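The following exercises concern the reading of a protein model from its coordinates. Please consider each task before turning to its solution.

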Amino acid sequence: MKLISTLLTIWILTFATSSPAIAHTDGASAIHEISKVDAPTATLEITKDPTGGFNVRVLTAGFTWRPEMASMRHVNGEGHAHVYLDGRKIMRIYNQWFHLNTFQFADKSGEQLVSIELVGNDHAPYTIEGLPVGAEQLIDVPGDEIRPQDPTSWKPLSIAALLVSSLLFSLVALRIFTRKRSQA
């Protein structure tokens with residue numbers, strides 16, 4: 001019975017996670033409006049990684065990275081950042097360096113806007129007069145560094161995985177059934 005439970009769990013997880021994962025998108029219900037005088041600042045240094053994607057450094061002033069406090073109570077001047085590619089949230093970052101894997105996140109080639117938004121521990125954005133505090137920069141994504149555009153290209157793999165897992169599940173279930181029957 002334990003084997004069947006394990007196989008069923010693997011089967012469910014295989015197909016429940018077959019689509020690409022996206023970043024956590026539960027937004028905060030508040031904002032942290034601050035004055036220009038008290039506002040942290042951020043700038044981006046983006047360089048092309050020779051093996052693909054981009055290496056990004058987020059330089060901040062007046063801001064303390066606090067990864068251990070993510071999703072906790074707000075403390076002024078602390079937090080992490082949310083990263084966006086062409087307006088779509090793709091990840092959180094907890095320190096000044098990260099690698100932007102364009103194959104994972106880019107849907108198209110060409111010029112795209114990378115932006116970061118400084119947020120409090122509670123994920124609420126820091127804002128000045130309603131505008132988010134952060135930085136942005138254009139990058140040029142090469143055509144050979146994006147994920148496949150045609151969703152049907154993933155379909156044969158999903159169908160094959162479904163067939164193989166269904167066959168394995170059936171064989172194990174049959175084996176257990178015949179074993180129990182012979183014991184009775």
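The exercises below treat a predicted model, from the overall architecture to single residues.

**Exercise 1. Overall architecture**

Determine how many helices and strands the protein chain has, and in which pattern they follow one another.

*Solution.* Step 1: the secondary structure comes to three helices and eleven strands. Step 2: read along the sequence, these elements give the pattern α-β-β-β-β-β-β-β-α-β-β-β-β-α. Step 3: of the contacts between residues at least 6 apart in sequence, 66% join residues at least 24 apart. Step 4: buried residues account for 32% of the 184 residues. The chain exposes about 11,600 Å², and carbon and sulfur atoms supply 61% of that area.

**Exercise 2. An open sheet**

Establish the strand order of the open sheet of three strands, and explain why one side of E1 and of E10 has no neighbour in the sheet.

*Solution.* Step 1: the order is E1-E9-E10, with mixed pairing. Step 2: strand E1 (32–33) and strand E10 (131–132) each have a single partner strand and stand at the edges, so one side of each is left without a neighbour in the sheet. Step 3: E1 pairs with strand E9 (residues 126–128) in the parallel sense, over two bridges. Within this pair, Glu33 has Thr127 of E9 as its bridge partner.

**Exercise 3. Antiparallel pairs**

Describe how E5 is joined to E6, and how E3 is joined to E7.

*Solution.* Step 1: strand E5 (residues 78–85) and strand E6 (residues 88–93) run antiparallel and are joined by five bridges. Val83 has Met91 in E6 as its bridge partner. Step 2: E5 and E6 form a hairpin with two residues between them, and Asp86 in the turn has a positive phi of about 50°. Step 3: strand E3 (residues 54–61) also runs antiparallel to E7, with four bridges between them. Here the bridge partner of Val56 is Phe98.

**Exercise 4. Strand faces and the nonpolar core**

Decide which side chains of E7 are buried, and identify the residues that touch the most other members of the largest nonpolar core.

*Solution.* Step 1: in a regular strand, side chains alternate between the two faces of the sheet. Step 2: strand E7 (residues 97–100) shows this alternation, as Phe98 and Leu100 point to one face and are buried, while Trp97 and His99 point to the other and are not. Step 3: the largest nonpolar core has 30 residues, of which Val58 and Leu100 touch the most other members. At least two residues of this core come from each of strand E2 (41–48), E3, E5, E6, E7, E8, E9 and strand E11 (134–141). Step 4: beyond four places in sequence, the contacts of Leu100 include Val56, Ile90, Met91, Phe105, Val114 and Ile139.

**Exercise 5. Two residues classified**

Classify Ser115 and Leu168 as buried, partly exposed or exposed, and describe their surroundings.

*Solution.* Step 1: Ser115 belongs to strand E8 (residues 110–119). Its relative accessibility is 15%, under the 20% limit, and therefore Ser115 counts as buried. Step 2: leaving aside residues up to four places away in sequence, Ser115 touches His82, Val83, Tyr84, Ala135 and Glu136. Step 3: Leu168 lies in helix H3 (residues 155–183). At 48% relative accessibility, Leu168 counts as partly exposed, because exposed requires over 50%. Step 4: Leu168 forms a nonpolar surface patch with Val164, Leu167 and Leu171, and together they have about 380 Å² of accessible area.

Notes: Residues are numbered from 1 along each chain as its sequence is written. This is a predicted model: local features need pLDDT of at least 70, side-chain atom pairs count only at pLDDT 80 or more; totals for chains, interfaces and linings use all residues. Side-chain values use heavy atoms; hydrogens and water are left out. Buried means under 20% relative accessible area, exposed over 50%, partly exposed in between (1.4 Å probe, protein chains only). Contact means heavy atoms within 4.5 Å. Two strands pair if DSSP finds at least two bridges between them. Patches are made of residues with over 30% relative accessible area and no salt bridge: like charges are joined within 9 Å, nonpolar side chains (Val, Leu, Ile, Met, Phe, Trp, Tyr) within 5 Å. Accessible areas come from the Shrake-Rupley method with a 1.4 Å probe; for residues, only the protein chains shown count as cover. A salt bridge is a side-chain nitrogen of Lys or Arg within 4 Å of a carboxyl oxygen of Asp or Glu. A nonpolar core is a set of buried Ala, Val, Leu, Ile, Met, Phe, Trp, Tyr and Cys residues joined through side-chain atoms within 4.5 Å.
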